[in-house]
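Work through the exercises below with the sequence and the structure side by side. Try each task before reading its solution.

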Amino acid sequence: MSSPDPLPGPPGAPSEAAPAASHDVLIVGGGLVGASLAIALQGSGLDVALVEAAPAGALPTVFDQRNLSLAEASLHALRALGVLSRLRAPTGAIRRIHISRSGDFGRVLLDAAEHGRDRFGEVVVARDFGDALEATLATLPRLRRYRPARFLGFDDGSDDRRIARVATDAGESRIAARLVVAADGTASAVRDALGIATQRHDYDQTLFVARVRGERAPDGTAWERLTDHGPTAVLPRGDGHYGVIHGVARDEADAVAALDDAGFLARLQQAFGWRAGRFVDVGPRSVYPMVRVLAERTIAPRAVLVGNAAQTLHPIGAQGFNLGLRDALTLVECIEAAQARGEDIGSAAVLADWAARRREDREQTFAFSDGLARATANPSALAAAMRGFGLFALDHDAALRARVVGGAMGYRGDVPRLCRGEAA
């Protein structure tokens, strides 16, 4: 079992006191990427700690009913880490991807079989994925978990340690670490404490996420219907339902949120059409304003940003978690390489190596996600013509399709070993 959760030290211990604990790696944030990183580090022999906002027995709020599209590269890694085998609900295979835009000519149909694959990826419900991550974390005897805990900031450390201040029910204490990893999401407190600025762009869109039942069961097709106001994605879940992401203009969000189930289904049907048949039932809806956040740098002395703390992307193309997982797994490889050379895992050279390895994937994935979101929402006639030509070219050019598919499946830039299906 994991070591005890409560933070040691007397309540209200002053920040000038000696650190209550010291670890090799301190991960702040127990969500999708932070938990995955903690699991991936367990073979390293390092003393790893995880600071989590949620108390024991509860999952972070990110593990809700939203639908995660796991790319093939991510599936390879999560299978090797023992997470996929702990999923309790069936996943939904994505065998085909259908892309179209309202008002534009042309459409794209990508088929996994054309690329020698059984599937491009799989759809997993975030709640079920969170349960699987938690079950895996519970098997790690060396992992120290501070929960519920909140990162407060940094105190003066030393050349070989950072000192983090953390608040728990027991009070405030200081934790030393050779490397601090910010995996605490879009509004990262660690990023702010490091003084790392961000570039922000509000897409002026709000996303509604729900589970929908149709007259026809999913057949493995993931549909992406694009409009001026954002995408509507209809994804094949493993439970026979569809996972839906419906984007609306921000100034319409309150009115859409006020719709009853019948009204929401009617709006969804109008926006998406009848490609998947009639939608007949909808579950609880979650609402997310869509703002892109990009950290201007991803490393600082003895600290690194991963996942949404480094980049929060528009969900079009389903790249966010997949990119963050590759952040985490590349960091593990850089740490293991440093250990093999007898080097300090938190040194500037190791972190610079990680940032260099992540640069191409991060830049290309960001450009793909942001460019697609901006281009598809542009209502001008010129943009419509260019989109139509692009869809036509993609649908008729096998080499272009292969490049797009390879990136979507997680094979951009320097791909971590586990994502390539290689043994840990």
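Five exercises follow, each with a worked solution.

The model is predicted: local features need pLDDT of at least 70, side-chain atom pairs count only at pLDDT 80 or more, and totals for chains, interfaces and linings use all residues. Residues are numbered from 1 along each chain as its sequence is written, and side-chain values use heavy atoms, with hydrogens and water left out.

**Exercise 1. Helix H7**

Task: Check the length of helix H7 (residues 320-341) against the rise per residue.

Solution. Step one: take the expected span as 1.5 Å times one less than the number of residues. Step two: apply this to the 22 residues of H7, which gives 32 Å. Step three: compare with the end C-alpha atoms, which are 32 Å apart, so the two values agree. Helices here are DSSP runs of H or I with at least four residues, strands are runs of E with at least two, and both are numbered from the N terminus. Step four: look at burial, where buried means under 20% relative accessible area, exposed over 50% and partly exposed in between (1.4 Å probe, protein chains only). In H7, 16 of the 22 residues are buried. Step five: move past the helix end to Gly342, whose phi is positive, near 75°.

**Exercise 2. The nonpolar cores**

Task: Which residues have the most contacts inside the largest nonpolar core?

Solution. Step one: define a core as a set of buried Ala, Val, Leu, Ile, Met, Phe, Trp, Tyr and Cys residues joined through side-chain atoms within 4.5 Å. Step two: the largest one has 55 residues, and Ile27, Phe129 and Val181 have the most contacts inside it. H7 gives the largest share of this core, 9 residues. Step three: a second, separate core has 24 residues, including Val28, Val180, Leu194 and Ala310. Step four: return to Phe129. Beyond residues up to four places away in sequence, Phe129 touches Leu32, Leu68, Leu78, Val83, Leu87, Val124 and Phe321, with contact meaning heavy atoms within 4.5 Å.

**Exercise 3. A residue of helix H3**

Task: Is Ala132 buried or exposed?

Solution. Step one: place Ala132 in helix H3. Step two: read its relative accessible area, 0%, so Ala132 is buried. Step three: list its contacts outside four places in sequence, which are Val83, Arg86 and Leu87. Step four: take the C-alpha distance from Ala132 to Gly82, which is 9.0 Å across 50 residues of sequence.

**Exercise 4. Backbone exceptions**

Task: Where do Asp204 and Arg302 lie?

Solution. Step one: Asp204 is in strand E12 (residues 198-214). Its phi is positive, near 60°, though it is not a glycine. At 44% relative accessibility, Asp204 is partly exposed. Step two: Arg302 sits in the loop between strand E18 (299-300) and strand E19 (303-305). Arg302 also has a positive phi, about 60°, without being a glycine. At 9% relative accessibility, Arg302 is buried. Step three: add the peptide bond from Arg147 to Pro148, which is cis with omega near -10°. Pro148 belongs to the loop between strand E8 (144-146) and strand E9 (149-158).

**Exercise 5. Lining by segment**

Task: Which helix gives the largest share of the lining of the largest cavity?

Solution. Step one: on a 1 Å grid over the protein atoms alone, a cavity is a set of points where a 1.4 Å probe fits but cannot get out, and lining residues have an atom within 4 Å of a point. Step two: assign the lining residues to segments. Helix H3 (residues 126-137) gives the largest share, 4 residues.
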